[in-house]
Amino acid sequence: MNLFGKARQAPSTADTIKHIRETMGLLEKREKFLETKIEHEAASAKAFVAQRNRKAATMALRRKKAYENQVEKVSTSRFRLEEQVMTLENANVNLETIDAMKRGAAALKEIHRSKNLNIDTIDSTMEDIREQMDIANQINEVIAEPLSMQSELEDDDIEKELEELEDEMAINKMGESSAARVPDQKTSVPAAAHANDHMLPRMPDFDEKPSSREEPAEQNKEDEEFAKLEAELIL
């Protein structure tokens, strides 16, 4: 407990970083000022040496050396402040990260609590989903089934008509094959006659002129017998 007044509130990280950066700005200005003084004292020392004023040149070099020491100290301070700023910034980033993670964990916890989300609930929900999907599949199968026996009857009629068409095409094809195998009578008769020439008696040559001794009646009789023989061979 603070007996002399209220406890002093610690500054925020952002305020601290801001203050350190302001201090770094002052140190940078100080460093530039000292570098200017160093350049001035170096020029003075050269001038005194040119004037052969050894004592004044020595004093100028001593002041120059002192300023250089100050610059080194200021530079070191600036570097340490820069390191501190980087450390604070990293710490602030880590703090924000942890805070965000805490908020996320709290939100998840609230969701799980308010919605009663747990392993048992998830398993039950997935089981309900599978059950409803099975029911939907069964409904689709029932809808896809025909409403009556009309479809089956139509299938039977179509099958019967198809068989009739096949039988008709087979009969037509057989008829075409038989017609192709039957020889033409005009061409078959001479062939049959020539095939049986050795069985027929020798007939007189019609190109020869009939003898004056043969009667016309005998010639006509022979023609009739030859025509009958040809008809028998054809049958």
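**Exercise 1. Determine where Arg52 lies and whether Arg52 is buried or exposed.**

Step 1. Arg52 sits in the loop that joins α1 and α2; helices here are DSSP runs of H or I with at least four residues, numbered from the N terminus. The structure is a predicted model, in which local features need pLDDT of at least 70, side-chain atom pairs count only at pLDDT 80 or more, and totals for chains, interfaces and linings use all residues. Residues are numbered from 1 along each chain as its sequence is written, and side-chain values use heavy atoms, with hydrogens and water left out.

Step 2. Its relative accessible area is 78%, so Arg52 is exposed (buried means under 20%, exposed over 50%, partly exposed in between; 1.4 Å probe, protein chains only).

Step 3. The phi angle of Arg52 is near 65°, a positive value in a residue other than glycine.

**Exercise 2. Identify which residues make up the largest nonpolar core and which elements supply them.**

Step 1. A nonpolar core is a set of buried Ala, Val, Leu, Ile, Met, Phe, Trp, Tyr and Cys residues joined through side-chain atoms within 4.5 Å. The largest one has eleven residues: Ile17, Ile20, Met24, Leu27, Leu34, Ile38, Tyr67, Val71, Val74, Leu81 and Val85.

Step 2. Two or more of these residues come from each of α1 (13-50) and α2. Helix α1 provides the largest share, six residues.

Step 3. Leaving aside residues up to four places away in sequence, Ile20 touches Leu81, Gln84, Val85 and Leu88 (contact means heavy atoms within 4.5 Å).

**Exercise 3. State whether Leu26 is buried or exposed, and how far Leu26 is from Val74.**

Step 1. Leu26 belongs to helix α1. Its relative accessibility is 59%, and therefore Leu26 counts as exposed.

Step 2. Leu26 and Val74 are 48 residues apart in sequence, with a C-alpha to C-alpha distance of 9.9 Å.

**Exercise 4. Establish which parts of the chain have pLDDT under 50.**

Step 1. The protein chain has an average pLDDT of 78, and 70% of the residues score at least 70; pLDDT is the predictor's confidence in each residue, from 0 to 100.

Step 2. Residues 185-189 stay under 50, and the model gives them two contacts beyond four places in sequence. Residues 191-196 also stay under 50, with zero such contacts.

Step 3. Where pLDDT is low, the predicted coordinates should not be read in detail.
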